[in-house]
There are 2 protein chains.
Amino acid sequence: MSRIGLTKDIILQSAMEIVDKIGAENLTLKVLADKLGVRSPSLYNHFNSLSDLLTALMLYGWKQLEYRVMQAAIGKSKDDAIKSMCAAYLNFTLEHLGLFNIMQSYNQHISQETIAATSGLIETIRQVLSAYNLSEKYEVHTIRVFRSFLQGYVYLVQHDSFGNSVSIRDSFNVGVGILLKGLKENENIKLGK
Amino acid sequence: MSRIGLTKDIILQSAMEIVDKIGAENLTLKVLADKLGVRSPSLYNHFNSLSDLLTALMLYGWKQLEYRVMQAAIGKSKDDAIKSMCAAYLNFTLEHLGLFNIMQSYNQHISQETIAATSGLIETIRQVLSAYNLSEKYEVHTIRVFRSFLQGYVYLVQHDSFGNSVSIRDSFNVGVGILLKGLKENENIKLGK
DNA sequence: TGACAAAACTAATCTAATTAGGTAAAATAT
DNA sequence: ATATTTTACCTAATTAGATTAGTTTTGTCA
C-alpha cells in the first residue's frame with residue numbers, strides 16, 4: 001500500500017472542487033479526506049486546523065482571481081481595460097460560487113494576509129487608473145467604489161437576490177458604465193477637493 | 001422555581017446583542033441559553049434548530065434595516081431622499097456588524113422569505129426613484145446598482161478591506177454621488193434601450 | 001544498511017447540536 | 001374551584017464533527 005503524497009496544493013484544489021460543487025457549508029474534513037482517499041486526521045499533517053485550511057483556501061481563491069483580472073487587463077487601457085477587468089471578475093466569481101463564498105467569509109480574522117493576497121489586484125487597478133490622472137484622494141475613492149460595486153453585485157447574484165428577469169449581465173454593464181462616467185467627472189482634476 | 005417565559009422576540013433580541021458584541025461566529029446555543037438563564041435544549045421549544053434561529057435572526061435584521069431606511073426617506077425626495085437612505089443603510093450596518101454578517105450569510109437557503117423581508121425596502125426605493133421617470137428596465141438596473149454598491153461597501157468596511165486612511169464616509173459619499181449622476185443620465189428616457 | 005523525518009493510520013477525546021423522555025408551571029375548560 | 005391539557009423547561013443520552021495522542025509505515029539520505 002503506497003502512500004498518496006498529498007500536498008497543500010492538491011488538498012486546496014480538491015477543497016475548491018468540493019465547495020464549488022456542493023457548497024461551502026458542506027465542506028467537512030471527512031468529505032475532503034474521502035475525496036482524497038485518506039482519513040481525516042491525516043489532513044492535520046498539512047494544515048493545523050480546519051480554520052487554517054479555509055484561510056489558505058481563501059487566499060488561494062484571491063490569487064486566482066488576481067491572475068484572471070490581471071490577464072484581462074493585458075493590452076488594454078482606460079475604459080476598455082476596466083470593462084474587461086470587471087467582466088473577468090464577474091466571470092470568475094460566477095464560475096466559483098463556493099470558493100467565492102469562502103473568499104468572502106474567511107477573511108474576518110487575518111486581515112494582513114488578505115491584504116497581501118489582494119494587493120497585486122489593487123496594484124493592477126491602480127495602474128489602469130493612472131491613465132485617468134485622478135487626484136490621489138479620488139483614486140482611493142474610485143477604487144473603493146469599484147470594489148464595492150463588484151463585491152456587492154456578485155454577492156447579490158450569488159444569493160439570488162435579483163428577483164426578476166432583467167439580464168444579470170445587462171445590469172452589470174450599466175453599473176460599470178455609470179462608474180466609468182463618474183470616473184470621467186474627476187479626470188484630470190489634480191487638486192481634487 | 002418559576003418559568004422564565006421566553007418568546008421568539010426575546011431570544012432574537014438576545015441573539016442580536018450577542019452577535020454584535022462577540023461576533024456572529026461565536027454564537028452558540030450554549031452562549032445564548034446562558035445569557036437567557038436557560039439550558040440550551042430549552043431553546044428548541046421556540047426554534048426547530050440553530051439554523052432556524054439564525055434564519056429568523058436574519059429576517060429580524062432585514063426588518064429593522066427596512067424600518068430605518070424607510071424612516072430616512074420620510075419628507076424627502078429625489079437626491080436628498082436617496083442620500084439620506086444610503087446614509088441610514090450605512091449607519092445601521094455599522095452599528096450592527098454581527099447582525100449584518102448574519103443577514104448576509106444566512107439567506108442562502110430560503111430565498112422566498114428573504115425576498116419577502118426585503119420587498120418593503122425595495123418598494124420604498126422604487127417609490128423614491130419614481131420621481132426620476134426612469135424607463136422600467138433602467139429602474140431595475142438602477143436598483144441593482146445601488147444595492148450592489150451599498151452591500152459591497154459595507155461588506156468591505158466590515159472586513160477592514162480599505163487599508164489606508166482616507167475617510168470611510170467620504171468615499172461612501174463620493175460613491176453615492178457617482179451613482180446619482182448616473183441616475184440623471186437616464187432620467188426622463190421613457191424608452192430606454 | 002540503518003536512522004530519521006514525514007505521512008499516514010487507529011483510537012480516543014472534546015465540543016456543540018440535537019433528540020428522548022420526564023416534570024411542573026401555566027393556561028384552559030368544566 | 002378543580003380537573004385537564006398544554007407547553008416551557010429540565011436532565012440525560014446521542015450524534016457528528018474537529019481535534020489530539022500515540023503508533024505504524026514509507027521514503028530519503030548518510
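**Close-up views of a predicted protein–DNA model**

**View 1. Leu29(B) at the backbone of DNA strand C.** A polar backbone atom of Leu29(B) lies 3.3 Å from a phosphate oxygen of DNA strand C; a polar contact is a pair of N or O atoms within 3.5 Å, and within protein one must be able to donate a hydrogen and the other to accept it, while residues adjacent in sequence count only if both atoms are side-chain atoms. This is a predicted model, in which local features need pLDDT of at least 70 and side-chain atom pairs count only at pLDDT 80 or more, whereas totals for chains, interfaces and linings use all residues. Residues are numbered from 1 along each chain as its sequence is written, chains are lettered from A and ligands numbered from 1 in the order in which they are written, and side-chain values use heavy atoms, with hydrogens and water left out.

**View 2. The protein surface around DNA strand C.** Among the 20 residues around this strand, Arg3(A), Ser42(A), Asn45(A), Arg3(B) and Tyr44(B) come nearest; a residue is near a strand if one of its heavy atoms lies within 4 Å of it. Phosphate oxygens of DNA strand C lie 2.7 Å from a polar side-chain atom of Tyr44(B) and 3.0 Å from one of His46(A). Sugar or phosphate accounts for 62% of the atoms of DNA strand C within 4 Å of the protein, and bases for the rest.

**View 3. The protein surface around DNA strand D.** Here 19 residues surround the strand, and Arg3(A), Leu50(A), Arg3(B), Ser42(B) and Asn45(B) come nearest. Polar backbone atoms of two leucines lie by phosphate oxygens of DNA strand D: that of Leu50(A) at 2.7 Å and that of Leu29(A) at 3.1 Å. An N or O atom in the side chain of His46(B) is 3.0 Å from a phosphate oxygen of DNA strand D.

**View 4. The interface between chain A and chain B.** In this view, 38 residues of chain A are in contact with 38 residues of chain B, contact meaning heavy atoms within 4.5 Å. Arg144(A), Tyr155(A) and Ile178(A) supply 18% of the area that chain A buries against chain B, more than any other three residues; buried area is the accessible area (1.4 Å probe) that two parts lose on being put together, summed over both.

**View 5. Leu32(A) in the nonpolar core.** The largest nonpolar core has 127 residues, and Leu32(A) is one of those that touch the most other members. Such a core is a set of buried Ala, Val, Leu, Ile, Met, Phe, Trp, Tyr and Cys residues joined through side-chain atoms within 4.5 Å, where buried means under 20% relative accessible area, exposed over 50%, and partly exposed in between (1.4 Å probe, protein chains only). Leaving aside neighbours within four places in sequence, Leu32(A) is in contact with residues including Ile11(A), Ile18(A), Leu43(A) and Leu53(A).
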